[in-house]
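Open the model in your viewer and keep the sequence panel at hand. This tour tells you what to select at each stop and what you will find there.

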Amino acid sequence: MIRRPLPVLISLLLYSSPLLAQEVDLKIQGIDGALLDNVKAYLSAIPEKDYEVSLRFKGRLENNFNDALNALGYYHPKYDFVVSDDEKQVTVNIDPGPVVIIKLLDIQISGEASQDPEFKALVDKSGLVEGTALNHSQYDSLKSAIRNLALQRGYFEGDYQQSRLEVAPQLNQAFIRLHFDSGIRYHFGENTISGSQITEEKVSSLSPYQQGEPYQVTLVGEYNQNLSNTDWFSSVFVEPDLSVLGEERELPMKVSLAPQARNKIETGAGYSTDLGVKGSLKWKKPWVNSRGHSFDSSFSLSAPEQTITAGYRIPLEDALNEYYRIQYGMKKQDSRDTKSIESNLAVERHWLLDNGWHRTVYVRHLLENYTQGLQDDNAQFVLPGITFSRSRIRGGAMPTWGDRQSLTLEYGDPNVLSETRVTRVIGGMTWIRSLGTNHRGIFRIDGAANFADEFDKLSPSLRFFAGGDNNLRGYSYESISPRDESGALTGAKYMATSSLEYQYRVYGDWWGAMFYDVGDAFNESPDIKRGTGVGVRWASPVGPVRLDFAWGLDANKGDEFKIHFTLGPEL
């Protein structure tokens, strides 16, 4: 912070007559920092239609200066106005004088809140201390904050017995008295649920509080959010019944709900350089019955891939975070050297763990009819597996901070309907970090491995390919893997890729990017491929849009340059 006084120029229009406007420079000297900022804020409140060269306007300025300086504890300012001969410049030298000191700070919290540590912490961080300079905003903030905290924590009958800020300008002293009687702290009572098509047992299972616990508004907000996240209801409103205040400590909680539509249909279209133009159709039944079961299906169509999926979800005791899911999917692929039709049927059990990780245990049955290079075959696998995943984001469509981790383990055995014994490991991590508001960095690392007795018996969907918009830019989609004797791609036993990207905000929601990708899909030892380039990012209303101009540093001659375009989240 600059401590010496700095002249600050504020352009004002002073009207000498209704028909003639003259631009006048108002120069303020003698103050800086918070004092100057407050004076400027008060000056901005003067309507331009009131500006004029007159003693009346000088008095108006002095009144605003006084209000601005008084607010920060300066009650004896002196002003020296100097007007240029041509009346085009006014200089005001401000001497703020001595500051008022807090002589008495008498803050008392009575009632049950006197034992609540949140109130002591609030007072301690208010900035009000005996012997320090008076700041009216600190007093006003603490006064309103105590009342707000009381409402947030269930002291609904709390009120001030005394709230005074007295200033003795002649003594340069201030006397603060805040006496707040909180009364009792109310507790959560029984939930009264109305308008729900779902059983009360399921609705109540989403409540983060138990009857008899002390009231906290954050838990009420969490309950509202939990109910909304189920997608069972079109409207949700949870509130305490304040009409019974004073009757008993427990307040009944009113849960007002309205059913969601039984059918929801969504269409979409997009484009990426990996898949080209892509269309989708989704049909969802947010609730099938009173137990909260739901159904969803989707159809996705692009030139190389066509996919149909359908899923049925059965919520358990913790309806939002624990559930069974039965899912079926069929996919047809015709891309490069892979032609396949695969069918997947999976039964899954989902949990949200206390540490924030999502755990899924499942068994899936895979049938695949395929041609992979020179190989033409059918395959069947029964693959039990487990997945751990976690995603944390702060900052909207293009997060300022975020990370994603996932790890999947699968096992297939020839004694249980699998073509060969195989253990599969797939994992990945992504970190997003920001420096200030204009710099972002993204780092990704992904890896996968097949440990199979007979690799040739693995179908294409179980093998690994690299290259494309999301893992190795500068190379075509899934164009990197070992090849057979005919030169056709065969898919790999292993894959490892990594990416480092720096982004700089150019203007508003537009960013520039530089990146460097490395990786390979391989059978024995990796032959690392490198890609680098620049890009443009746009935080659009429908999600981040990415356009990359990439060079494959180890690509075949004549195929080094690629343009990658994607729409969708970075995590």
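The stops below follow the chain from its earlier strands to its later ones, with pockets and cavities along the way. Keep in mind as you go that this is a predicted model.

**Stop 1: the sheet of E5, E6 and E7**

Begin by selecting strands E5 (101-110) and E6 (159-168), then add strand E7 (residues 173-181). Together they make an open sheet of three strands in the order E5-E7-E6, and the pairing is mixed. E5 and E6 stand at the edges with a single partner strand each, so one side of each has no neighbour in the sheet. From one strand to the next, the twist averages 5°.

Now look at the pairing of E5 with E7: the two run parallel and are joined by nine bridges. To find one register point, pick Ile109, whose bridge partner in E7 is Phe180. Then show helix H4 (residues 136-152), which lies across E5, E6 and E7 and runs at about 175° to E6.

**Stop 2: the sheet of E8, E9 and E10**

Which strand order will you see here? Select strand E8 (187-194), strand E9 (233-240) and strand E10 (residues 250-259), and you can read the order as E8-E10-E9, in an open sheet with mixed pairing. E8 and E9 are the edge strands, each pairing on one side only. Ignoring direction, neighbouring strands in this sheet are turned by 20° against each other on average.

E8 and E10 run parallel and are joined by six bridges. Label Ser194 and Ser256 to see one pair of bridge partners, the latter in E10. Next bring in helix H6 (217-229). H6 packs on the sheet and touches E8, E9 and E10, with its direction at about 165° to that of E9.

**Stop 3: the second largest pocket**

Stay with E8 and turn on a surface. The second largest pocket has a volume of about 340 Å³. Its lining has 17 residues, and those closest to the pocket centre are Ser204, Ser205, Leu206, Ser207 and Pro208. Strand E8, helix H5 (200-205) and helix H6 each give two or more residues to this lining, and E8 gives the most, with three. Colour the lining by residue class and you should count four nonpolar, nine polar and four charged residues.

**Stop 4: strands E14, E15 and E16**

Jump ahead to strand E14 (residues 305-315) and strand E15 (residues 323-335), an antiparallel pair joined by eleven bridges. Within this pair, Thr309 has Gly329 of E15 as its bridge partner.

Extend the selection to strand E16 (residues 338-352), which pairs with E15 in the antiparallel sense over 13 bridges. Here Tyr323 stands opposite His350 in E16. E15 and E16 form a hairpin with two residues between them, and Arg336 in the turn has a positive phi of about 50°.

**Stop 5: strands E22, E23 and E24**

Select strands E22 (residues 494-507) and E23 (residues 510-522). These strands run antiparallel, with 13 bridges between them, and Thr497 stands opposite Gly519 in E23. They also form a hairpin with two residues in between, where Gly508 in the turn has a positive phi of about 55°.

Continue through the six residues of the hairpin that joins E23 to E24. Strand E24 (residues 529-540) runs antiparallel to E23, and ten bridges join the two. Tyr516 and Thr532 are bridge partners here, with Thr532 in E24.

**Stop 6: an aromatic pair**

How many aromatic pairs does the structure hold? There are 15. Show the side chains of Tyr494 and Phe522 for one pair: the ring centres are 5.6 Å apart and the planes are at 40°, so the pair is tilted. Tyr494 lies in E22 and Phe522 in E23, so the pair ties together parts that are 28 residues apart in sequence.

**Stop 7: the largest cavity**

Finish inside the protein. There are four cavities of 30 Å³ or more, and the largest cavity holds about 60 Å³ of space. Select its lining: Arg444, Asp469, Asn470, Asn471, Leu472, Arg473, Ser499, Asp517 and Arg546. By class, this lining divides into one nonpolar, three polar and five charged residues.

Methods:
Residues numbered from 1 in each chain as written. Predicted model: local features only at pLDDT ≥ 70, side-chain atom pairs only at ≥ 80, totals over all residues. Heavy atoms only, no water. 1 Å grid on protein atoms, 1.4 Å probe; cavity = no way out; pocket = protein on both sides within 12 Å on 5 of 7 lines; lining within 4 Å. Points joined across faces, edges and corners; volume = space filled by probe spheres on them. Helix = DSSP H or I, 4+ residues; strand = E, 2+ residues; numbered from the N terminus. Nonpolar A, V, L, I, M, F, W, Y, C, P; charged D, E, K, R; others polar. Pairing = 2+ DSSP bridges. Axes fitted to C-alpha atoms, helices over the stretch in contact; angles between N-to-C directions. Contact = heavy atoms within 4.5 Å. Phe/Tyr/Trp six-rings, centres within 6.5 Å; stacked < 30°, edge-to-face > 60°.
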